[in-house]
Amino acid sequence: MTTHEPKQRKGIIELICGPMFSGKTTEFLRRLRRKSFANQKVLIFKPSLDTRGEQSKVMSHDGEELPSFVVTESSQILDYVHKEDVEDHCRLVVGIDEVQFFDRNIMQVILEISEQGINLIVDGLDKDFKGDAFQNTDQLLVEADYVTKLQAVCTICGRDASFSQRLINGAPAKKDDPIVLIGAQDSYQPRCRTCWIRPQ
Ligand SMILES: [Zn+2]
């Protein structure tokens with residue numbers, strides 16, 4: 001008879017990705033709220049450079065919110081997790097918001113948390129306005145056990161949109177336009193593949 005060493009069960013990694021305005025944060029909060037209804041303890045982390053809403057909460061565009069910790073370095077997440085009772089790890093869920101804005105060490109942090117038997121729910125943009133893959137989300141698309149790719153609604157034609165068009169003073173931004181343009185009206189629109197104009 002083959003015997004299996006009793007193994008510490010690893011945490012499951014879920015990724016919610018998509019373009020801007022696809023409801024990622026709403027879905028992220030919905031899943032985490034369900035966990036807390038199921039008496040699991042939820043710890044949510046977001047990067048400090050995401051300044052939307054209040055610093056201590058994750059807030060979706062439709063106004064839903066849950067308390068969160070703002071961290072400047074991904075390794076700080078481990079400090080918070082290590083404060084939790086190890087016996088309770090199976091009752092713990094870690095949520096990571098806007099994963100693309102964390103430093104590249106976040107993948108290692110996520111894997112380490114999973115190793116400890118803690119489930120994770122992560123959300124992030126999959127590509128930038130140029131259509132290039134975002135760091136961290138690209139790796140998670142491969143690593144995660146479950147991936148949900150959400151669609152926004154195309155501003156132009158109303159079909160499903162998986163791209164974000166960056167507009168500067170109403171016109172599509174160029175590839176090398178600076179990220180912050182002083183005095184310009186900078187905005188983003190969800191667009192489908194047909195209506196999206198690849199920045200040149
Ligand atoms: Zn369209």
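**Zinc site, cores and strands of a predicted model**

At 3% relative accessibility, Cys154 counts as buried (under 20% relative accessible area; exposed is over 50%, partly exposed lies in between, with a 1.4 Å probe and protein chains only). The model is a predicted one, with local features needing pLDDT of at least 70 and side-chain atom pairs counting only at pLDDT 80 or more, while totals for chains, interfaces and linings use all residues. Residues are numbered from 1 along each chain as its sequence is written, and side-chain values use heavy atoms, leaving out hydrogens and water.

Back to Cys154, which is one of the protein donors of the zinc ion. Its SG atom joins those of Cys157, Cys192 and Cys195, lying 2.3 to 2.4 Å from the metal. Donors here are N, O and S atoms within 2.8 Å of the metal (3.2 Å for Na, K and Ca); water is not among the atoms, so sites may look incomplete. The four donor atoms make angles of 102 to 118°, and the site is tetrahedral, a label that needs all angles of four donors to lie between 85 and 135 degrees. For reference, the ideal angle for four tetrahedral donors is 109.5 degrees. Along the sequence, the donor residues follow the spacing C-x2-C-x34-C-x2-C. Distant parts of the chain are linked this way: Cys154 sits in the loop between β9 (152–153) and β10 (160–161), and Cys195 in the segment after β13, 41 residues apart. Cys195 is buried too, with a relative accessible area of 17%.

Strand β13 also belongs to an open sheet of three strands, ordered β12-β11-β13 with antiparallel pairing. Strands are DSSP runs of E, at least two residues, and helices are runs of H or I, at least four, numbered from the N terminus; two strands pair if DSSP finds at least two bridges between them. The edges are β12 (171–172) and β13 (186–191), each pairing on one side only. Two antiparallel bridges connect β11 (residues 163–168) with β12, and Leu167 has Pro172 as its bridge partner there.

Elsewhere, β1 is well covered, with six of its six residues buried. Ile13, Leu15 and Cys17 on one side and Glu14, Ile16 and Gly18 on the other are all buried. β1 runs parallel to β7, with six bridges, including the one between Ile13 and Leu120. It also runs parallel to β8, with four bridges, and Thr148 is the partner of Ile16. Thr148, in β8 (residues 146–149), is partly exposed at 23% relative accessibility. Not counting residues up to four places away in sequence, Thr148 touches (heavy atoms within 4.5 Å) Leu15, Ile16, Cys17 and Arg31.

Leu15 and Cys17 are also among the residues touched by Thr137, which belongs to helix α4 (residues 137–143). Thr137 is buried at 0% relative accessibility, and its side chain reaches the backbone oxygen of Leu125 at 2.8 Å.

What about the nonpolar cores, meaning sets of buried Ala, Val, Leu, Ile, Met, Phe, Trp, Tyr and Cys residues joined through side-chain atoms within 4.5 Å? The largest has 24 residues, and those with the most contacts inside it are Ile77, Ile96, Ile110 and Ile113. At least two residues each come from elements including β1 (13–18), α2 (75–82) and β7 (119–125), but α3 gives the largest share, five residues. A second, separate core of 10 residues includes Phe28, Ile44, Val58 and Leu66.

Technical notes: Polar contact = N/O pair within 3.5 Å; in protein donor to acceptor, adjacent residues only side chain to side chain. Tetrahedral: all angles 85-135°; square planar, octahedral: opposite > 155°, others 65-115°.
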